[in-house]
Every structure is written in C-alpha cells, then in structure tokens.
Amino acid sequence: MNAPTAHHHLLTPASASALADTDPQETAEWRDAFLALVATEGPERARFMLQEMVRLARAGRVGWQPDLNTPYVNTVAVQDQPVFPGDLAIEERVASIVRWNALAMVVRANQAYGELGGHIASYASAADLFESGFNHFFRAREGLGEGQHRGDLVFFQPHSAPGVYARAFLEGRLSEQDLMHYRQELTAPSADAQGLSSYPHPWLMPDFWQFPTGSMGIGPISSIYHARFMRYLTHRNLLDCAGRKVWGVFGDGEMDEPESMSALTLAAREGLDNLVWVVNCNLQRLDGPVRGNGRIIDELERLFAGAGWNVVKLVWGSDWDGLFARDLTGALVRTLEGTVDGQMQTFAAKDGRFNRDNFFGQNPELAALAQGMTDEQIDRLKRGGHDLVKIHAAYAAAARHQGQPTVILAHTKKGYGMGTAGQGKMTTHSQKKLDETDLIEFRNRFNLPLSDEQATSLAFYKPAEDSPEMRYLRSHRQALGGYLPRRDTTCEALPVPAIGSYAQFALQADGKEMSTTMAFVRMLGSLLKDATLGPRIVPIVADEARTFGMANLFKQVGIYSSVGQRYAPEDIGSVLSYREALDGQILEEGISEAGAIASWTAAATSYTVHGLAMLPFYIYYSMFGFQRVGDAIWAAADQRARGFLLGATSGRTTLGGEGLQHQDGSSHLVAATIPNCKAYDPAYAGEMAVIVDAGMREMVTEQRDVFYYVTLMNENYAQPDLPEGAHEGVLRGCYVLQRFEAEGQAAAANARQVTLLGSGAILTEVVKAAQQLASEGITATVVSVTSWSELARDGVACEQLAIAGEDQPGTPWLAAQLAATSGPVIAATDYVRAVPETVRAFIPEGRRYITLGTDGFGRSDTRAALRTFFGVDAAAVAKAAKFALGATAAR
C-alpha cells in the first residue's frame, strides 16, 4: 500500500493524539497552512519548517519530540516508484518455479527420511525478496583485474537455503541428483551427487556458500562489520570498494537476537550506505507470532530510526493502491494501524470470505472499499514483500540512498502460497510434508506447468534451455557479473619475513624477564614495519590495548577512524598518545567482544570475500573469547577464516586479582573442538615466535584454511633461549625441555625417575618442581607442552590408521617424545584437568599418568595463593610425582 497522493487523509489523524484538541478550529488552520506550504514550496521547505518547530519546542522545554513511527504504508509512494525494468510476467514465472522446486526438495527428503527436517515456509515468504535481488541488484565478482567489479556481499536468511539451491538448479549449477540429496551430505557421493547442507555453510560447500548465517544473529552483526571493513580497506588505500554493497536478508524473529541489534549504532555512526538489510517480516517465529500483541514492523522502525538508519517500509502490494486512492477518510490506514500482528497472522491463514467479513467488515467505510471485489481478489491482495514491482522500488531507493545504512522492512506471509497446508499457521515453520490436495493447490496457486501426476510425485521442473524464462534468468545474471552465491578463493600469496628479523630477541632471550604478551606486542610492532606483510596486518582489540601494552602502536600505525581525529587528545604530549586516523591500522572496537570477533572474521576472510589476503591479530582477555563469543568463532571457522586469536591474560592463576568472571580455565578445551583451529599454550617467547611464524606461513603463504588460537600470559619471568632442534616439537605439541638429574648419593644408576609435563603459565612451576625433586634424589625430565589439542589430534590420527588396518599407522608424537623418558608422568596446566586428559591414551603403556588442573571457579588472590589453592604449584606437582612413584613401587 502507498500513501495516497491527495492530502485529505491527513485531516483525520491516523492515530489518536494523547492530548485532547482544545481548539479544533485553530488546529485546522495549522493543518491548512502546512498543506499549503507543501503544495507551494515543496517537501524540502516543509522539512525545514518542521525541524525549526522541533528546535523551538526543545528550546522551550515543551517536552515533545517526533514519533519515530510513520504511517503503516509504503515509504516509496506510487508517484515515486521507478519504472520496473524487467519483464514482470517472466519474473513471476521464474519465482514460482523456484518456489516449487524448493518445496519439492524438502518434501521429497522428508518423505524418504522423516528425520532430515528442512523448511518450506520461510523461503515461501522470502522468495520474491530474493528474486528481485537476483534479477536486478546482487552483483557477482567479475574478477580481480583493474575496473572489474569484485562483487556484492549477500547474506542469505538461513531457513531459505532450499530456495537458493532451487535457483542454482535452474542456473545449471546444481543437478537434479543434488536436489534429491538435500541434507544428505554423506550419502550423496555414492549417487554421484553433491550433498546440500541444511543452511549456508562454506565449510561444507566451499565453492557455493560465502557466509554462514545458520546460527541466527551471527549473520546480521557479521554483515555490519564486513561493510565497515570494506571502508577500512578503501581508506587505507589497500582496495577500492566503492560501488559494492553488502545485502543481508534476515528474519523479523531473528532481530530478537542480541547480536542482530548490538552494532546498529556503529553502522549509522560510520555512515555505512554500502549496507542494506532486508528484514523479512512474515510476523512469525518458529512457534508463533513475533509480536502477537503488537506490530514488529513498528517496533523495528523505531529501533532502526532511533539508531540512525534509513528505514524503508515495504508493507502493501500494488493491488492495495486503488483501495488507498479511494480511501478519502483514512479509515483503511486507521484500521491497519489498529491491527496487531497476531490478528494479521489470522487474516493470512484465512480465505477471502473470512477477510471480507472480519477485516473489511469492521465498519461501513471499509466495507465500501471492498465492494466490487470478489472473494478471490481479496484473498490475493499481496503484502509488499510479495510484489516484485514494490520490492524493486524499495531496493532501488535503498541502493541510491547516501549517508546511512538502510533497512527495508518487508511485510510478507510465512508459508505464502501453501494454502490450508501452512500459510500463516502456527505450525507452518515445521511444515515439511504436504498431501496430494495441498500439492495440487500449490500448483494451481502459482500456475505451474505440471500435470497432477507430476505435482503429486514432486517432480522437479526446469524449463527448456531456450525458453524465455531460462534466457531471461541467464541474461540478468550475466549483466550482474555471474551467479550467486559463489565462493572464490583466488588470491595472491603473501611472503612472510624471516623469523630472525622480528623475533630474534625471543629465540635467544638469554634469561631476560618478560611476559609472553610483552614479547608478542614487540613482535607485532616489528612485523607492522615489514614493507610487504605489514600493511596487511590488522591489529584488533576490544578496548584493552593499554592493558596488553599496545599503546606504543597508537603512534606507529594509528587507530582507524572513518573521520580521522577531530579533537586534541588529553595525552597529546605523551609518547604513547591516543591517535585516530583515516588510514589508521588498529581496529579499536570498544567494549564489544561480539563486534571485535565479527571484525576479525571480516579481516580473516578477506582473501575470499575481496581476493585480498589480510592477516588479523585479535588480542583479548582469553575468558571473553570461546566462552563469550564461541558461536561466532564457530561461524568464523565455518567461513574458513585465516588469522590469529590471542587469548591474553590466559589461565586461571595468572590474572591474580580479577577473580571468577575473568580467569580462564576452559578456552583450550573449547578450542580443541574446532577442527580447523590450531590451539597453542606456549610458556616461552621463543615457543610463541615459532608458532606465530608457522601460522603466518600456513595462512597467507601456503593459504591453508586454518586459524590459530595462542594464549598469552601477563606474568613476567625469565625467558630462556629456545633449545636447538625444538622447532618441530613446538609445532607438533611438545618437546623435551630439560632433564634434572638426581643430586647427591641418590644420583646412582638406580635413582628413581619421573616425567613432568607442563604448559603455559604452569611450566615455570613444573620446572621448580623438577628442581625440588632432583634435590630429593629423584631424576625429573621436563617436557614443555605447547599444544594439548595438537598432541591429541596426532594421537587420534595414528589410532584411526591402526584401526583401519594400516601397516604403518605411525607413532603418536607424544608417545615418541616420552619414549626417551622414564617413570610416571605428571601433567600440570592452568586449565581444567580435562585438557591434559585428552592425551591420556597416548601415554606409553605401563606408566602412571596423573593430571593437575584448575577445575572450579576462579578466585581473587595472588598468583602464589591461587596456584596453591588449585594444586598446580611446584609443591603440588612434586607431591603428585612422589605419590605416583610410591604407588608404582607399591605395585
């Protein structure tokens, strides 16, 4: 529906004022004066006068400000609609065909295997929103050459994946066999087919999906930070991203997720007019109405407008235009504004006769508007999100808008076209099966060229290659650069400087005291100076740069700001003063781990999204990573991110005074569950240098789809030189650090022996324990464990080969390292015992294995007190070793 061209309806307010009108005649005079101003001077002058009235009201402390809600009509009025540039009839036929194939794919899968699941109703509501984008707006990457468009970024509503597959089938990118293996990724290869993942998953379909959106809320925040990262690339003169858009199609229920809403003001503050969200307002969550007793479109309009977004409401289809043109009293607007979403859902689920009686029958004015319309015509009154002409007008308005991000609030029906089987029903989200009557009704509703037998047998339909529909579809995608979604990994490799050029101080530390955090920041500062790699490094912090000793980087590379620095910072005269700049390199994300990890993901996937390799280093309190934004990290892994996550102030006993909520004892346990995450807990700067060097080469030179999680400590202690020949052990998970021989008379050949494993912050305690044991006549060998998860993966891989019957399954690296040691094995970490327990199976047979960790909640106290409390200090390690030796002797 659109606002009528005449102004008569404005004389009767659509919603009653909270204040009584004490002088109707004066009110009418003000209205007439304003309408005359609009008519004679135009909208621009009228807007100026309204702003002036607002200014005067505020100055006079009247206590009023404009309502953020506009009338429940389309933002783009009829007279402002651009001419529709396509063939409407063909586009509607293509949309209907895609709808059918999507439905057939899901229903087929569930007829064969009832447990597979799948969704029909979400795509049914969003189909036209997608088709308008595919036919006219979503641009694909043409190439990486000069003048070639590098493509738009499109985030697809996850439950609508079947529709995207169905369109790719028409495009020839997926076969009928592929469609028949929806959600059957393991069995598909036996039928020479590609299994189609449930939702957009780049890890599972690496040439197809570009962005994972299957965990609702992750897509919206990710799209904002991708749009901002494009500005970052442009402002730093690394890549011109002008003319490229980020499009996101999301659900209205999804807007309840905190991640969906958390960065709205950032998008507005940054003026991200390269960002367009389309919120599919089908008014239903999974179980029922989104806002049954209110109106979600109104709520979202207030939210986005208040956050500074440009809001385009796409509420009613073209068939409503005539109704509003005839509605001279505003009765239709008033009635719609008084109808809550729960009731609107009921109207969607019912037929034309019901809507004639229960909607248009509410008062004589509405009934008069519906006179001359058949029940079928009333039933087919479209909501805006199902009208291709209206959708195009809204998209075009969003695409040309400047200075703000735009959200299109598109009113649709969930299960559109599913009739009595699912349209607008409470159960529609879970509807996966349709009977023969329903299928024929759907066929008839969309005029599909299928016989009754083809419809009831769920035959896929594809027009002839030379048909008008196929020619149209191909030509429009060719004009927009090719097919979408498509993931491309073409990217130039980056050379990495020699490790000695930036980390020699760590490799040969010569006993100097420093923390591994301090060592990392020093390495990062040197890497940023490298002429080739340096500009591609993206340092990211969530408002903790000073905590981690990174303030020296403020002047060196600056903090990115899209407007530069408009103030003289308080500390401008200091060596470490705060410096923002248009070409700043550090991304300072404020107190938002969700925003920082989204920013990291944008940089870590630049190699595929933009064809430009970037290397992000996101440093943060380790507790606020996997525990706080683990779902976002999982999605980044799905997207095949490449970069470093640095969990600083890691462990449960190094961050002494911060207590329960800050002390991390579990991040390495969670990191081990992510297949393409390599997690390390180095104790020494030299170990960390080897890990960072290997990670950089693996990610930007060899271009492997992995990312690294490295934990850092804030504790200063003596840093030894990295032992010769330790590089391989550091990367594979462990190496023999030092053997402490028994002292005095116990140094005889029959001296008892023990092996101590330690990692991260607790390795220094393990070394102290070894020294204590040696003084008591026990020979102790210390093994530095840099990665429990890499040791476990290596061991499992060997084990699986052995189970499979391989003649040479190999020896687990841990077992091979321990073969040169003797006695019981004691493992101690600053993490929960479950971390060292992951390698128990690979301890040599017959050797007692005891694990020490920091299970439980953290506490606030000194490091020494904490380590004693959790039983991971030197005394506890030595005590466990002597116990194991005694138990061994007793056996």
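These are legends for four close-up views of a predicted model.

**View 1. The largest cavity and the residues around it.**
Let's start with the empty space inside the protein. The count comes to seven cavities of 30 Å³ or more, and the largest cavity has a volume of about 200 Å³. Its lining is made up of 16 residues. If you want to find the middle, look for W320, F347, N355, R383 and K413, which lie nearest the centre of the largest cavity. Two elements give two or more residues each to this lining, namely α13 (341-349) and α16 (375-379). Helix α13 has the largest share, with three residues. As for chemistry, the lining of the largest cavity has ten nonpolar residues, five charged ones and one polar one.

**View 2. Strand β3 and its two strand partners, β2 and β5.**
Strand β3 covers residues 275-281, and seven of its seven residues are buried, so the strand is largely enclosed by the rest of the structure. Which residues sit on each side of β3? One side carries L275, W277, V279 and C281, the other has V276, V278 and N280, and both faces are covered. Strand β2 (residues 246-251) pairs with β3 in the parallel sense, over six bridges. To get your bearings there, look for G248, whose bridge partner in β3 is W277. Strand β5 (residues 406-411) also runs parallel to β3, again joined by six bridges. A handy landmark for that pairing is C281, which stands opposite H411 in β5.

**View 3. T601 and its surroundings in helix α24.**
Helix α24 spans residues 593-604, and T601 is found in it. Is T601 buried or exposed? T601 has a relative accessible area of 6%; the cut-off for buried is under 20%, so T601 counts as buried. Leaving aside residues up to four places away in sequence, T601 touches H226, A636 and Q639.

**View 4. Cysteines C677 and C734, without a disulfide.**
A search of the whole structure turns up zero disulfides. Why does C677 have no bond to C734? The closest cysteine sulfur to that of C677 is in C734, but it is 19 Å away, so the two are too far apart for a bond. C734 is in no disulfide either, and the nearest cysteine sulfur to it, that of C798, is 13 Å away. As for exposure, C677 is buried, with a relative accessible area of 0%. C734 is buried too, with a relative accessible area of 0%.

Technical notes
Residues are numbered from 1 along each chain as its sequence is written. This is a predicted model: local features need pLDDT of at least 70, side-chain atom pairs count only at pLDDT 80 or more; totals for chains, interfaces and linings use all residues. Side-chain values use heavy atoms; hydrogens and water are left out. On a 1 Å grid over the protein atoms alone, a cavity is a set of points where a 1.4 Å probe fits but cannot get out, and a pocket is an open set with protein on both sides within 12 Å along at least five of seven lines; lining residues have an atom within 4 Å of a point. Grid points are joined across faces, edges and corners, and a volume is the space filled by probe spheres set on the points. Helices (H or I, at least four residues) and strands (E, at least two) are DSSP runs, numbered from the N terminus. Ala, Val, Leu, Ile, Met, Phe, Trp, Tyr, Cys and Pro count as nonpolar, Asp, Glu, Lys and Arg as charged, and the others, Gly among them, as polar. Buried means under 20% relative accessible area, exposed over 50%, partly exposed in between (1.4 Å probe, protein chains only). Two strands pair if DSSP finds at least two bridges between them. Contact means heavy atoms within 4.5 Å. A disulfide is a pair of cysteine sulfur atoms within 2.5 Å.
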